[in-house]
Structures are given as structure tokens and as C-alpha cells.
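User: Hi! Could you walk me through a structure I'm looking at?
Analyst: Happy to. Let's put it up first.

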Amino acid sequence: MNKYKFNFENSYLVLEKSLYTRLEPIPVALPKLVIFNQDLSDELGLDFYSVTEKEIASLFSGNRILEGAQPLSQAYAGHQFGHLTILGDGRAHLLGEHITKKHERFDIQLKGSGPTPYSRRGDGRAALAPMLREYIISEAMNALGIPTSRSLAVVTTGENVYRETALQGAILTRVAASHIRVGTFVFAAMQKNRKVLESLLNYTVKRHYPSIDTNQNKALKFLYAVIERQVELMVEWARVGFIHGVMNTDNMALSGETIDYGPCAYLDEYDSNTVFSSIDKFGRYSFGNQPKIAQWNIARLAEALLSLIDLEKSKAISLAEKAVNSFSSLYEDRWLSMMRAKLGLVKPKNDDKKLIRELLTWMQRTGADYTNTFCDLRDKKKLNDISKYDKEFEDWTIRWQLRVSNNPETYKRCIDLMKKTNPEIIPRNHIVETVLDAAEQGDLQSLHKLLDVLKNPYRKTLEISEYKTPPKDDQRIFQTFCGT
């Protein structure tokens with residue numbers, strides 16, 4: 001353990017060498033700390049209280065390698081918009097796995113830390129705004145209670161990166177349960193070497209699903225376990241209106257965490273067809289399509305596992321198809337339970353799905369704000385104000401209030417459930433963009449204020465009123481970008 005209390009291992013090095021490359025980050029010209037996540041540092045049991053910003057910048061730029069770190073870049077494949085591509089960490093270095101005092105294991109990764117053998121002619125670097133976007137959104141997701149990678153630090157490099165224009169270079173330090181992806185298994189299966197695939201399965205099960213380690217059909221049970229976590233994650237995204245933007249197989253973490261925040265955003269007005277990613281021309285990764293794409297990605301995982309599910313190919317396919325097909329009904333059940341909670345419906349009734357669909361249809365037709373509508377349902381004055389001007393909504397609220405009154409619980413219990421399920425605030429796109437523009441000019445005040453507000457997304461206070469307001473027409477953000 002070093003003086004910063006990093007307790008490094010790198011168990012990934014036990015895997016076959018085809019799955020990674022050992023190499024160090026490329027030093028940068030003039031690293032400078034932009035932001036450091038003290039809360040996360042404390043949670044990890046680290047100690048940076050007496051460390052200068054200059055020293056922190058040197059460590060999290062890759063200019064100095066932390067004691068005990070063994071940097072590597074991972075190899076994996078990815079179905080990008082459905083097309084298989086050989087990928088890998090083209091601009092990232094995994095320093096190692098930090099083991100906390102609670103014996104929790106977290107990857108510590110630098111993103112934007114220089115070219116690797118997987119860069120595919122890329123520069124291996126990242127720009128400041130996309131790295132800060134990941135910092136903001138990942139920390140917001142954590143506060144919302146959604147499984148996610150976290151952000152420990154952002155450091156500028158003193159060098160420009162060139163996309164459409166020259167931009168400030170930056171490096172993000174990402175913390176995750178692991179960086180093992182669906183694409184990691186796809187890549188392992190492509191090696192046509194059973195030992196490579198089996199060792200990866202054993203490693204991933206031991207790390208993330210230890211309860212199934214001794215099961216007779218480990219690969220099949222693993223597939224079902226991954227399905228369970230991905231269903232839960234998709235339901236959580238739907239709960240808060242989150243759109244990932246690039247749900248390629250290399251961006252689906254098998255730990256069940258949200259990872260690889262690129263052109264991500266949150267719904268303002270409700271529309272299931274909403275797309276923000278500048279490269280998603282046909283809506284493959286739209287808000288309403290995310291569960292289907294998660295299932296599609298799971299099917300690619302199942303294909304990679306076939307040889308481990310059963311030696312008889314036809315039987316393996318049959319077992320895998322049954323598992324993959326279970327995704328839809330499981331998601332529908334979990335989604336319905338989540339939506340009931342958003343509406344304060346404590347005990348299920350047969351007509352609940354119809355009531356929920358009617359509200360979403362009205363919201364889509366009218367462009368109602370996704371976050372604020374569910375909050376307004378708890379406010380009788382706001383509810384009455386909306387109902388005065390919309391007969392369809394008025395009729396719906398009468399049916400909803402009758403349904404709530406028929407709950408076997410008190411009205412207060414219903415409202416409390418809604419408060420726990422529906423956030424008061426999300427990181428709205430127009431506000432995030434304003435904050436990022438200011439940060440690029442060296443003004444970090446609005447960044448820190450936004451992050452402070454996002455720490456308590458379920459608490460209603462006067463201080464958050466400006467963050468609850470939907471964008472005006474001239475403030476709307478229609479596209480977000482990957483930054484690669």
C-alpha cells in the first residue's frame with residue numbers, strides 16, 4: 001500500500017495474454033488538476049488530504065505511475081450499430097484494481113492517456129468537455145441510485161487534441177467494478193481457443209457472480225445472471241429518462257454498471273423515439289429501444305458462450321435462445337413494477353398497465369416534461385392547474401386518483417413511494433452544456449454548483465428550482481457527441 005493508500009492488485013493479468021497488452025500511459029506536457037472527487041476518494045479509503053494539486057495532476061495524468069500499479073490496456077470487440085469490429089482500449093490504461101478495507105475490488109483506469117495497440121489510428125487522447133460530461137453524468141447516476149462507473153478526477157494535459165477544431169486535452173480517472181464487457185467475451189470467442197474463453201468465464205464469475213461458481217452449467221447460469229442485472233439496469237434508465245446513446249456491445253459492462261458515457265443525455269419532454277447521439281442516424285439507440293438493444297447485446301454474449309453452454313451445438317443454441325428470450329418478459333414485469341412505484345401504486349392491479357400507458361401516450365402527444373410530470377402528480381395545486389387546460393389529462397387524473405385511493409395503504413405511503421422513485425432533478429442537457437462551455441473557459445464555479453445540487457436529486461429545495469426548469473426553445477440540445 002502506497003502513501004495515498006491505494007492497495008493495488010491486477011488479477012486481470014492471470015488471463016490469457018491475448019486479452020490485454022501491458023504498457024504505460026504516455027506522459028503529457030503540463031498536467032493540471034481540474035476537479036478531484038473527494039467523496040469518492042473517501043469511499044475508496046484513499047488519502048489525498050495533504051497532497052498538492054500538482055502532485056495529484058501528475059498521478060492522474062499518467063506522468064507518474066502509482067506504486068503497485070501495473071498498467072495495461074484491454075482487448076475486446078464491439079458490435080457498433082450492429083457491425084462487428086475489433087476494438088480494445090484505444091485511449092485508456094487500467095492501472096490496477098484497488099482493494100478497499102471492505103475487500104471490495106475496483107478498477108482504476110485512466111481515459112485519454114495515450115495511444116495503445118488498439119487505437120486504430122486514433123490519437124489516444126480525450127478532450128476536456130467530454131471528460132467533464134462523464135464526470136457529471138456518472139456522479140449524477142450514482143446519486144440517483146443507479147449502478148454506474150464513477151469519476152475520481154479530471155486533469156488537463158497542457159496539449160491540444162484535434163477533432164473538428166483544436167480542443168483542450170484532458171484525462172479522466174474512472175473507477176468501476178470492472179471493465180469486462182460483452183465485447184470482451186465476443187473477442188475471446190473469436191480466438192477459437194477454448195482455454196481463453198473458459199478462463200475469462202471463470203474469472204468473471206468469480207469476480208462478479210461468485211454464487212454460481214460451482215454450478216454444473218456455469219456458462220448458462222452466468223448468462224441468466226447477466227440478463228438479470230441488465231434488465232434491472234434498463235429499468236433504472238427508464239425510471240429517470242436516461243439515454244445512453246451508444247449501446248454497442250463494447251459499452252455493456254457485465255458487472256451491470258452503466259459505463260462509457262459518450263453522447264448520453266436525459267429526456268426533457270417525453271418521447272420514446274428520442275435520440276441525442278450525433279451518429280445515431282436511424283434511432284437504433286433511442287430511449288424506447290434501449291431494452292431491445294440490451295437483449296440484442298445479450299444475444300451476442302450468448303453466441304460467444306455457446307461452446308461452453310453445451311458441447312452439442314444444437315442443444316447449446318436451444319438453451320441460449322431460451323435464456324435470451326426470457327429477457328423481454330422479465331423486463332416487462334420489472335418495468336411495470338417500477339412504473340407503479342412512480343405513480344404511487346403500492347399493490348398491483350390488473351388495469352395498471354393500461355393506466356400507465358395512457359399517461360405516457362398523453363405525455364408523448366403533449367411533449368410533457370418526463371421528470372417534472374411525475375413530481376407534479378404529488379402536488380395537488382400543480383395537478384389542478386394542468387387539468388384545467390387539458391380534458392384528456394383531467395380524465396386521466398381522476399382515474400389515477402381513484403386508483404390511488406383504492407390502495408390498501410395510506411395516501412402518505414403512496415406519496416412517499418413516489419418521492420423515493422421520482423427524482424426532483426436530473427442533469428438537464430442545456431444546463432450541462434452551459435456548465436461545460438464555462439469550464440472550457442476556465443470558469444468552474446457553475447460546475448461545482450451543479451455537482452453539489454446533483455448529490456441530492458430526491459430532495460426538493462428552493463436552491464434546485466433553476467435546475468428543474470425545462471429548456472426554452474432556444475436552449476434545447478438536440479445532439480451530443482462521443483468526443484473520440
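Analyst: Let's start with Arg-121, which counts as exposed at 85% relative accessibility. Keep in mind that this is a predicted model.

User: Where does Arg-121 sit?
Analyst: Arg-121 lies in the loop between β8 and β9 (126-127). Its phi is near 70°, a positive value in a residue other than glycine.

User: What sign does phi have in most residues?
Analyst: Most residues other than glycine have a negative phi.

User: OK, and what is phi of His-103 near?
Analyst: Phi of His-103 is near 65°, a positive value, and this residue is not glycine. You'll find His-103 in the loop between β7 (92-99) and β8 (105-111).

User: Is His-103 buried or exposed?
Analyst: His-103 is exposed, with a relative accessible area of 70%.

User: Switching topic: how many disulfides are there?
Analyst: The count is 0 disulfides.

User: Why is there no bond for Cys-375?
Analyst: Because the closest cysteine sulfur, in Cys-414, is 16 Å from the sulfur of Cys-375, which is too far for a bond. A disulfide needs the two sulfur atoms within 2.5 Å.

User: Are those cysteines buried or exposed?
Analyst: Cys-375 is buried, at 7% relative accessible area, and Cys-414 is buried as well, at 1%.

User: Last one: how do α14 and α15 cross?
Analyst: The axes of α14 (residues 429-440) and α15 (residues 445-454) come within 8 Å and cross at roughly 145°.

User: Which residues meet there?
Analyst: From α14, Ile-431, Val-432, Val-435 and Ala-438 meet Ser-446, Leu-447 and Leu-450 of α15. That contact has 6 nonpolar residues, 1 polar and no charged.

How values were computed: Residues are numbered from 1 along each chain as its sequence is written. This is a predicted model: local features need pLDDT of at least 70, side-chain atom pairs count only at pLDDT 80 or more; totals for chains, interfaces and linings use all residues. Side-chain values use heavy atoms; hydrogens and water are left out. Buried means under 20% relative accessible area, exposed over 50%, partly exposed in between (1.4 Å probe, protein chains only). Axes are lines fitted to C-alpha atoms, for helices over the stretch in contact, and angles run from 0 to 180 degrees between N-to-C directions. Helices (H or I, at least four residues) and strands (E, at least two) are DSSP runs, numbered from the N terminus. Contact means heavy atoms within 4.5 Å. Ala, Val, Leu, Ile, Met, Phe, Trp, Tyr, Cys and Pro count as nonpolar, Asp, Glu, Lys and Arg as charged, and the others, Gly among them, as polar.
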